[in-house]
Amino acid sequence: MYSHFFKRVIDFILVFGVLALIWPILFLIAFWLHFANKGAGAFFTQERPGKGGKIFRVIKFKTMTDERDAAGNLLPDAARLTKVGRFVRSTSIDELPQLINVLKGDMALIGPRPLLPQYLPLYSKEQACRHKVRPGITGWAQVNGRNAISWTRKFELDVWYVEHCSFLLDLRIAFMTIKKILVREGISSETSATMEYFTGNN
């Protein structure tokens, strides 16, 4: 009953209240990023699969410039990630616009993170179970390593969450998320400024 009804009701009420309080802060952050990103804008949207694999557009603060090399190719993530963007990312402020996705019903506050659509055919049958619930702004994998763990481990944690979803587990994840943000753990993988792409065999 919780995962099918009460979870959505609680998310809507909480997010509506939070957005009513913090919208001036979001405005100021957007203004700050607009200039830090050298004209690349403060927001970006990207297609992501939600519950049942249904595609929606996730909203995030933009933390990188659109700088390119002489051939017109985007520079590596590490080169485009600004100092402001690094701060916004490390404090998870870049995730705040996704509250709008939660309000719309595309996402939940807590659940498996929405990944790229091109990963869908790469999942094993067990890994695909992560799409049985709405994706979340934070989740069990995020509080147990975030980008610093392997894809295999991340998917194991996502599936475990789907199978054990409850109010108490969501409450635990919420408190663990606050702790992770404060100590800024697991922001990057060991070999990348963000996270390597999933290829289906790692």
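Visitor: Welcome me in gently: what does "buried" mean here?
Guide: Happy to, and please keep in mind that this is a predicted model. A residue is called buried when its relative accessible area is under 20%.

Visitor: Which residues of helix 3 are buried?
Guide: Helix 3 covers residues 83-90. With the cut-off of under 20% in hand, the buried residues of this helix are Val84, Gly85, Val88, Arg89 and Ser90.

Visitor: What covers the buried residues of helix 3?
Guide: Two other helices are part of the cover. They include helix 1 (2-36) and helix 6 (167-183).

Visitor: Which element supplies the largest share of the largest nonpolar core?
Guide: In soluble globular proteins, nonpolar side chains tend to be buried together. Here the largest nonpolar core has 19 residues, and Leu33, Phe61, Leu99 and Met107 have the most contacts inside it. Helix 1, strand 2 (55-61), helix 3 and helix 4 (98-104) each supply at least two residues of this core. The largest share, 8 residues, comes from helix 1.

Visitor: Is Cys165 buried or exposed?
Guide: Cys165 belongs to another core, of 11 residues, which lies apart from the largest one and has Ile110, Trp140 and Ile149 among its members. Cys165 has a relative accessible area of 19%. Because buried means under 20%, Cys165 counts as buried.

Visitor: How many disulfides does a search of the whole structure find?
Guide: A disulfide needs two cysteine sulfur atoms within 2.5 Å. For Cys129, the nearest cysteine sulfur is that of Cys165, 14 Å away, and Cys129 is in no disulfide. The number of disulfides found in the whole structure is 0.

How values were computed: Residues are numbered from 1 along each chain as its sequence is written. This is a predicted model: local features need pLDDT of at least 70, side-chain atom pairs count only at pLDDT 80 or more; totals for chains, interfaces and linings use all residues. Side-chain values use heavy atoms; hydrogens and water are left out. Buried means under 20% relative accessible area, exposed over 50%, partly exposed in between (1.4 Å probe, protein chains only). Helices (H or I, at least four residues) and strands (E, at least two) are DSSP runs, numbered from the N terminus. Contact means heavy atoms within 4.5 Å. A nonpolar core is a set of buried Ala, Val, Leu, Ile, Met, Phe, Trp, Tyr and Cys residues joined through side-chain atoms within 4.5 Å.
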